[in-house]
Amino acid sequence: MAKQSTSDKIRYSLIFDTQTLITGNPLKSDVVKLIRDYKNHSNVELDYFIPKVVEEEFKSKMPQQFQDEKEAYGKAAKSINNLMGTNLPELRDTPTDDQVKQAAEKVLRAHGITTLDTPGISLEALLKKAINHRPPFKQTGDA
C-alpha cells in the first residue's frame with residue numbers, strides 16, 4: 001500500500017490538561033501509548049499541546065517525583081543486595097531543581113508536546129470575576 005502524503009492525512013490537535021498528562025513516570029502511560037500509536041499513522045496526524053500553566057505544574061512536580069523514585073531505587077537496591085549478595089550502588093548525587101526541570105522540558109520535546117503561551121489576563125478583571133462568582137469561578141464558595 002502506498003504511503004499517503006501528509007496533506008492527505010486528517011490532522012488533529014490535542015491539548016492535554018494536568019490530570020491527563022501528569023500521573024505517570026514521567027507522563028501518564030496512556031498518553032505515551034497514544035503518542036507512540038499515532039506517531040507514524042497513515043491516516044491521522046496528531047499535534048500535542050499543553051497550556052503554559054500545565055508545563056509549569058509538570059516541572060514543579062518533577063523534583064519530588066525524582067526524590068520518590070530515588071527512594072524507591074534505594075530500597076530496591078538494598079533488597080537486591082541482601083537477596084543476591086551483590087553491591088548495587090546507591091544514588092548519591094541529587095540533581096538540582098533546575099536540572100530536573102530541564103529534564104522535564106526534554107521529556108516534553110521528546111514526545112512532541114508543544115507549550116501554548118498563556119494569553120494576557122488582566123488581574124483586575126480576574127479578581128472581579130472571582131468576587132462576583134462568574135465563570136471560570138463557581139457561583140458559591142471560593143473555587
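Trainee: Quick one to start: in helix α2, by about how much of the helix are D37 and K33 separated?

Mentor: By about one helical turn, because D37 and K33 are 4 residues apart in helix α2, which covers residues 29-38. Bear in mind throughout that this is a predicted model. The two side chains form a salt bridge in which the closest N and O atoms are 2.6 Å apart.

Trainee: And are D37 and K33 buried, exposed or in between?

Mentor: D37 is partly exposed, with a relative accessible area of 40%, and K33 is likewise classed as partly exposed, at 43%.

Trainee: Where does K128 find its salt-bridge partner?

Mentor: K128 pairs with E124, and their closest N and O atoms are 3.6 Å apart. Both residues belong to helix α5, where they sit 4 residues apart, about one turn of the helix. K128 counts as partly exposed at 48% relative accessibility, whereas E124, at 54%, counts as exposed.

Trainee: How many salt bridges are there in total?

Mentor: The count comes to 10 salt bridges. Another of them joins R11 to D47, with the closest N and O atoms 2.6 Å apart. R11 lies in strand β1 and D47 in strand β2, so this pair ties together parts that are 36 residues apart in sequence. As for the surroundings, R11 is exposed at 54% relative accessibility, while D47 is buried at 18%.

Trainee: OK, changing topic to the strands. Which strands does β2 pair with, and in what sense?

Mentor: Strand β2 pairs with β1 (residues 10-15) in the parallel sense over 6 bridges, and 4 bridges join β2 to β3 (residues 113-116), again running parallel. To pick out individual positions, S13 has D47 of β2 as its bridge partner, and I50 stands opposite T115 in β3.

Trainee: So is β2 enclosed or open?

Mentor: Strand β2, residues 44-51, is largely enclosed by the rest of the structure, because 7 of its 8 residues are buried.

Trainee: What about the overall fold pattern?

Mentor: The protein has 5 helices and 3 strands, and read along the sequence they follow the pattern β-α-α-β-α-α-β-α. Among contacts with a separation of 6 or more, 71% come from residues 24 or more positions apart.

Trainee: How does the radius of gyration sit against a compact globule of 143 residues?

Mentor: The protein has a radius of gyration of 21 Å, where a compact globule of that length would be near 15 Å. The C-alpha trace spans about 65 × 55 × 25 Å along its principal axes, and 21% of the 143 residues count as buried. The accessible surface comes to about 10,800 Å², with 53% of it belonging to carbon and sulfur atoms.

Trainee: Back to charges for a moment. Which residues are linked in a network of salt bridges?

Mentor: The network links K52, E55, E56, K59 and E105. Two of its members, E55 and K59, are found in helix α3, and each counts as buried at 8% relative accessibility, E55 as well as K59.

Trainee: What do E55 and K59 touch, leaving out sequence neighbours?

Mentor: Leaving aside residues within four places in sequence, E55 is in contact with I50, E105, L108 and T115. With the corresponding neighbours set aside, K59 touches K101, A104 and E105.

Trainee: Which residues make up the nonpolar patch on the surface?

Mentor: The patch is formed by I121, L123, L126, L127 and I131, which together have about 510 Å² of accessible area. L123 is found in helix α5, residues 123-131, and counts as exposed at 58% relative accessibility.

Trainee: Last thing, what is going on with the backbone at H133 and at P135 to P136?

Mentor: H133 has a positive phi, near 55°, although it is not a glycine, and the peptide bond from P135 to P136 is cis, with omega near 15°. For context, most residues other than glycine have a negative phi, and most peptide bonds are trans. H133 lies in the segment after α5, as does P136, and H133 counts as partly exposed at 28% relative accessibility.

Technical notes. Residues numbered from 1 in each chain as written. Predicted model: local features only at pLDDT ≥ 70, side-chain atom pairs only at ≥ 80, totals over all residues. Heavy atoms only, no water. Patch = residues over 30% accessible without salt bridge, like charges linked within 9 Å, V, L, I, M, F, W, Y side chains within 5 Å. Areas by Shrake-Rupley, 256 points an atom, 1.4 Å probe, with all protein chains shown as cover. Salt bridge = Lys/Arg side-chain N within 4 Å of Asp/Glu carboxyl O. Buried < 20%, exposed > 50% of the residue type's maximum accessible area, 1.4 Å probe, protein only. Rg over C-alpha atoms; globule rule 2.2 N^0.38 Å. Contact = heavy atoms within 4.5 Å. Pairing = 2+ DSSP bridges.
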